[in-house]
Amino acid sequence: MEKNPSDLFALFGNPVGHSLSPAMHNAALKEMSINGLYVPVLVEHLEAAVKGIRGLGLRGVSVTIPFKTKIMKYLDVIDRDSRRIGAVNTVVNRKGRLVGLNTDWQGIVETLSAVMTIRGKSVMILGAGGTARAALFGILKKGGKPFIVNRTAQKGRRLAKEWGCPFYPIEAIKNIKADCLINTTPVGMFPNMDQSPVNRTLLNNFDVVMDVIYNPLRTTLLKDAEKAGCMILSGLDMFIHQGAEQLKLWTGQEPPREAMRHVVQEALEGNIKK
Ligand code: NAP
């Protein structure tokens with residue numbers, strides 16, 4: 001099949017203006033000596049945009065808010081893991097056949113695995129949205145023991161039941177101890193950087209604290225956790241790993257994770273007043 005003069009990749013989302021994915025992926029493509037371009041696309045009509053993947057011969061697409069679930073019905077194949085999670089963040093164009101996959105769970109697992117063995121460990125997942133589902137999937141797959149804590153009890157309970165794990169209401173946090181805490185809520189994200197989803201006096205009940213937020217790089221939750229003596233992991237690691245896994249799916253090559261991290265970190269440090 002004849003290819004575009006350069007390999008084209010895109011991010012589908014709405015909004016996409018502040019995304020760091022283009023900077024990360026374009027830096028990686030350059031480092032990998034792939035003559036490619038990754039562009040952000042503000043999608044107004046999802047079905048038409050998906051047809052455009054074939055029409056324009058895009059090799060791959062990242063999918064972000066609010067399309068991760070909505071896009072599934074327009075794709076030709078959804079892999080089993082993504083079906084279980086209920087969301088797709090990656091589309092691979094295999095000769096016109098559009099395959100939906102999810103690398104968010106890998107981003108979480110690879111981040112945690114750098115500092116702990118997940119098997120047998122208790123992991124408190126705070127939140128019950130899309131990222132919580134990816135976390136649940138990954139931790140269960142690696143033999144961990146996740147449980148859910150969520151602001152809206154009904155939603156949290158439903159999610160926990162679906163995945164066969166315990167649920168605790170948010171007021172119960174004060175009585176919880178676990179090997180690891182993962183914040184999958186947006187609490188503490190720019191511009192609300194002074195907020196934290198967990199009171200700092202409770203953080204010494206966890207050995208490892210991970211935030212999925214990467215803007216700011218060090219959230220109030222992570223700063224407090226570090227002071228409490230916890231090992232801390234930022235959402236930047238998740239972001240890099242989920243992006244690297246996308247590139248691996250699109251190109252079959254191992255991406256330069258350190259170069260990707262460098263570019264994103266630079267962009268974030270340039271953007272954020274500390
Ligand atoms: P989502 O589906 O909207 O779920 C958000 C969850 O957070 C919900 O369970 C919600 O609780 C809870 N929440 C929201 N505001 C809250 C508050 N003020 N207090 C307590 N709980 C609150 O969102 P998502 O798609 O999972 O995304 C969550 C975060 O993950 C975002 O910040 C996103 O940027 C980040 N993310 C990072 C990466 C990465 O690569 N690092 C990848 C994907 C997502 P209720 O059920 O009570 O509403």
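These legends accompany several close-up views of a predicted model.

**View 1. Helix α4 packed against helix α5.** Here we look at the place where α4, residues 104-113, meets α5, residues 130-141. The two axes lie 8 Å apart, and the helices pack at an angle of about 55°. Angles from 35 to 65 degrees fall in the oblique class, and α4 and α5 are therefore oblique to each other. The crossing of α4 past α5 is right-handed. On the α4 side, the contact is built from Asp104, Trp105, Ile108, Val109 and Leu112. Facing them from α5 are Thr131, Ala134, Ala135, Phe137, Gly138, Ile139 and Lys141. Sorted by character, the residues of this contact comprise 8 nonpolar, 2 polar and 2 charged.

**View 2. Helix α4 again, now with helix α8.** The partner this time is α8, which spans residues 235-251. Its axis and that of α4 are 7 Å apart, and the packing angle is about 125°. That angle makes α4 oblique to α8. As for handedness, α4 and α8 make a right-handed crossing. From α4, look for Asp104, Gln106, Gly107, Ile108, Glu110 and Thr111, which meet Asp237, Met238, His241, Gln242 and Glu245 of α8. This contact holds 2 nonpolar, 5 polar and 4 charged residues. If you have just come from the previous view, you will recognise Asp104 and Ile108, which take part in the contact with α5 and also in the contact with α8.

**View 3. Helix α1 crossing helix α8.** Moving on to another neighbour of α8, we find α1, made of residues 21-31. The axes of α1 and α8 come within 11 Å and cross at roughly 50°. With that angle, α1 is oblique to α8. The crossing is right-handed. Ser21, Met24, His25, Ala28 and Leu29 are the α1 residues in the contact. They meet Phe239, Ile240, Gln242, Gly243, Gln246, Leu247 and Trp250 of α8. In this contact 7 residues are nonpolar, 5 are polar and no residue is charged. Gln242 of α8 appears here with α1, and it is also part of the contact with α4.

**View 4. The surroundings of the ligand.** In this view the ligand is surrounded by 21 residues. The closest of them are Ala128, Thr131, Asn150, Thr152 and Val212. Thr131 is worth a second glance, since this residue of α5 also belongs to the contact with α4. A nitrogen atom of the ligand has a backbone N or O atom of valine 212 at 2.8 Å. For glycine 235, a backbone N or O atom lies 3.1 Å from a nitrogen atom of the ligand. Lysine 155 contributes through its side chain, where an N or O atom is 3.2 Å from a ligand oxygen atom.

**View 5. Backbone details in three loops.** Take a moment for the peptide bond between phenylalanine 190 and proline 191, which is cis with omega of about 5°. Proline 191 sits in the loop that runs between β10 (178-183) and β11 (206-211). Another cis peptide bond leads from asparagine 215 to proline 216, and its omega is near 10°. You will find proline 216 in the loop between β11 and α7 (220-227). Finally, serine 33 has a positive phi, near 55°, although the residue is not a glycine. Serine 33 belongs to the loop between α1 and β2 (36-42).

Key. Residues numbered from 1 in each chain as written. Predicted model: local features only at pLDDT ≥ 70, side-chain atom pairs only at ≥ 80, totals over all residues. Heavy atoms only, no water. Axes fitted to C-alpha atoms, helices over the stretch in contact; angles between N-to-C directions. Helix = DSSP H or I, 4+ residues; strand = E, 2+ residues; numbered from the N terminus. Parallel < 35°, antiparallel > 145°, perpendicular 65-115°, else oblique. Left-handed = near helix turned anticlockwise from the far one by under 90°. Contact = heavy atoms within 4.5 Å. Nonpolar A, V, L, I, M, F, W, Y, C, P; charged D, E, K, R; others polar. Near = heavy atom within 4 Å. Polar contact = N/O pair within 3.5 Å; in protein donor to acceptor, adjacent residues only side chain to side chain.
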